[in-house]
Amino acid sequence: RMRRSPVECRPDIDTFTPGLLALYESLRPSEEHKSKQQQLVDSLAKSVSKEWPNAQLHLYGSSANSFGTSHSDVDVCLEMEIGTASTVEVLVRLADVLRADNFDNVEAITSARVPIVKMSDPGSGFSCDICINNLFAVANTKLLKDYAQIDQRLLQLAFLVKHWAKLRGVNETYRGTLSSYAYVLMCINFLQLREPKILPCLQAMEHTYTMTVDDTECAYFDELHQLQDFGAENKESIAELLWAFFDYWAFRHDYRRGVISVRTGSTISKQEKNWTTRVGNDRHLLCIEDPFETEHDLGRAVDRQTIRILKEEFERAAALLQYNNDPCVALFEPYDHEN
Ligand code: ATP
Ligand code: MG
């Protein structure tokens with residue numbers, strides 16, 4: 001099954017760059033999309049303020065980290081004092097308030113690691129996830145947004161990878177594959193490791209921004225104007241990078257020992273994180289360290305079966321870009337691994 005991968009990409013790989021960039025442009029959210037999203041946020045804020053006048057509303061996830069497409073949902077975090085009430089009690093109350101205000105399909109999902117209320121907005125038609133006091137998500141949203149401003153190849157690569165992952169059925173944590181957030185971190189780490197580097201490691205630089213969440217310091221360098229030319233020495237095109245990304249995950253990543261770490265801008269060892277054996281449901285087969293919640297392995301949903309599916313998909317994508325004369329059609333061909 002394993003196809004030997006050459007060390008270098010095909011010499012004519014750049015012929016695919018214009019097509020890939022056109023696809024990237026088509027995935028970017030329109031102005032109309034952004035204004036509809038704002039309408040949703042405004043009507044949600046109005047609803048919430050009646051019951052909780054001091055609540056602050058933060059956008060997080062792809063609607064705020066700049067990695068969102070026209071198909072992305074809207075993720076909202078409410079920051080509020082909840083006193084002696086539990087998060088779940090507040091979410092149940094929030095669901096009642098939203099139903100009364102005529103939002104559609106309102107549902108409190110209280111058993112998840114991060115409990116949320118899901119709903120959709122009849123005005124815009126968008127679906128929306130609301131969590132409470134999950135400020136790590138707000139912090140990592142800013143981190144991703146800041147990385148995206150350093151070199152445009154990050155947004156291009158991550159949009160294409162997310163699009164590929166959704167169509168190939170490998171962007172579903174509840175089925176044992178990876179979240180969009182995990183894919184974006186994989187892209188950031190990959191660009192941190194190029195020679196010459198395309199992205200710096202912001203957390204390893206002087207801390208000009210700090211946000212403390214539950215006693216954890218989320219700190220990094222955020223004076224982005226000083227990093228405008230950071231990746232300029234590296235001339236790799238998006239076609240080359242996309243191939244190299246899949247080639248890395250198909251053939252070069254050390255799944256047995258390695259943990260990718262945006263926090264350090266490198267690959268660290270499972271040993272030092274004590275991620276060498278299965279703990280509970282965390283199998284640690286494909287390890288991605290969360291940049292701030294460093295005890296979190298974002299690959300923890302991956303199991304023996306889905307790691308095989310993921311590797312096959314990485315190999316398939318790398319092979320298409322390497323050998324196919326018109327790879328983009330097959331690369332983004334919808335596929336369902338369950339059927
Ligand atoms: P999409 O465009 O697919 O909606 P997204 O960036 O919103 O992409 P999600 O995977 O839905 O991605 O996650 C939303 C946000 O929630 C992430 O950007 C991140 O801030 C946070 N998040 C998601 N999963 C985790 C996790 N396992 N640990 C910590 N934060 C997470
Ligand atoms: Mg989202």
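**Exercise 1. The five-stranded sheet**

How many bridges join strand S1 to S2, and do the two strands run parallel or antiparallel? Work this out, then trace the rest of the sheet.

*Solution.* Keep in mind that you are looking at a predicted model.

Step 1. Begin with the pair in the task. Strand S1 covers residues 56–60, and 5 bridges join it to S2 in an antiparallel arrangement. To find the pairing on screen, pick Gln56, which stands opposite Glu79 in S2.

Step 2. Move on to the next neighbour. S2 also pairs with strand S5 (residues 127–132), here in the parallel sense and over 5 bridges. Cys77 is a handy marker, since its bridge partner in S5 is Cys131.

Step 3. Look at the far end. Strand S4 (residues 116–120) pairs with S3 in the antiparallel sense over 4 bridges, and Ala108 stands opposite Val117 in S4.

Step 4. Put the strands in order. The result is an open sheet of 5 strands, S1-S2-S5-S4-S3, with mixed pairing. S1 and S3 (104–109) are the edge strands; each has a single partner, so one side of each has no neighbour in the sheet. On average, neighbouring strands of this sheet are turned by 20° against each other, direction ignored.

Step 5. Check how enclosed S2 is. Of the 6 residues in this strand (residues 74–79), 5 are buried, so S2 is largely enclosed by the rest of the structure.

**Exercise 2. The magnesium ion and ligand 1**

Which residues are the protein donors of the magnesium ion (ligand 2)? Find them, compare their burial, and then turn to ligand 1.

*Solution.*

Step 1. Select the ion. Its protein donors are Asp73 and Asp75, each through OD, at 2.3 to 2.4 Å.

Step 2. Compare the two donors. Asp73 has 24% relative accessibility and counts as partly exposed, while Asp75, with a relative accessible area of 10%, is buried. The dividing value is 20%, because buried means under 20% relative accessible area.

Step 3. Now select ligand 1. It is surrounded by 20 residues, and the closest are Ser72, Asn140, Lys162, Lys166 and Ser180.

Step 4. Look for polar contacts to oxygen atoms of ligand 1. A side-chain N or O atom of Asn140 lies 2.4 Å from one such oxygen. For Ser180 the corresponding distance is 2.6 Å, and for Lys166 it is 2.7 Å.

**Exercise 3. The three-stranded sheet and helix H6**

What does the side chain of Asn189 reach at 3.3 Å? Build up the surroundings before you answer.

*Solution.*

Step 1. Lay out the sheet. It is open, has 3 strands in the order S9-S8-S10, and shows mixed pairing. The edges are S9 (266–269) and S10 (287–289), each with a single partner strand, so one side of each is left without a neighbour in the sheet. From one strand to the next, the twist averages 35°.

Step 2. Examine one pairing. Strand S8 (residues 258–261) and S10 run parallel and are joined by 3 bridges; Ile260 stands opposite Ile288 in S10.

Step 3. Add the helix. H6 (residues 180–192) lies across S8, S9 and S10 and runs at about 90° to S8.

Step 4. Zoom in on Asn189, which lies in H6. This residue is buried, with a relative accessible area of 2%. Beyond its sequence neighbours up to four places away, Asn189 touches Ile260, Ser261, Val262, Gly265 and Ser266.

Step 5. Answer the task. The side chain of Asn189 reaches the backbone oxygen of Ser261 at 3.3 Å. A polar atom of the Asn189 side chain also lies 3.3 Å from the backbone oxygen of Ser266.

Conventions. Residues numbered from 1 in each chain as written. Chains lettered and ligands numbered in written order. Predicted model: local features only at pLDDT ≥ 70, side-chain atom pairs only at ≥ 80, totals over all residues. Heavy atoms only, no water. Donors = N, O, S within 2.8 Å, 3.2 Å for Na, K, Ca; no water. Buried < 20%, exposed > 50% of the residue type's maximum accessible area, 1.4 Å probe, protein only. Pairing = 2+ DSSP bridges. Axes fitted to C-alpha atoms, helices over the stretch in contact; angles between N-to-C directions. Contact = heavy atoms within 4.5 Å. Near = heavy atom within 4 Å. Polar contact = N/O pair within 3.5 Å; in protein donor to acceptor, adjacent residues only side chain to side chain.
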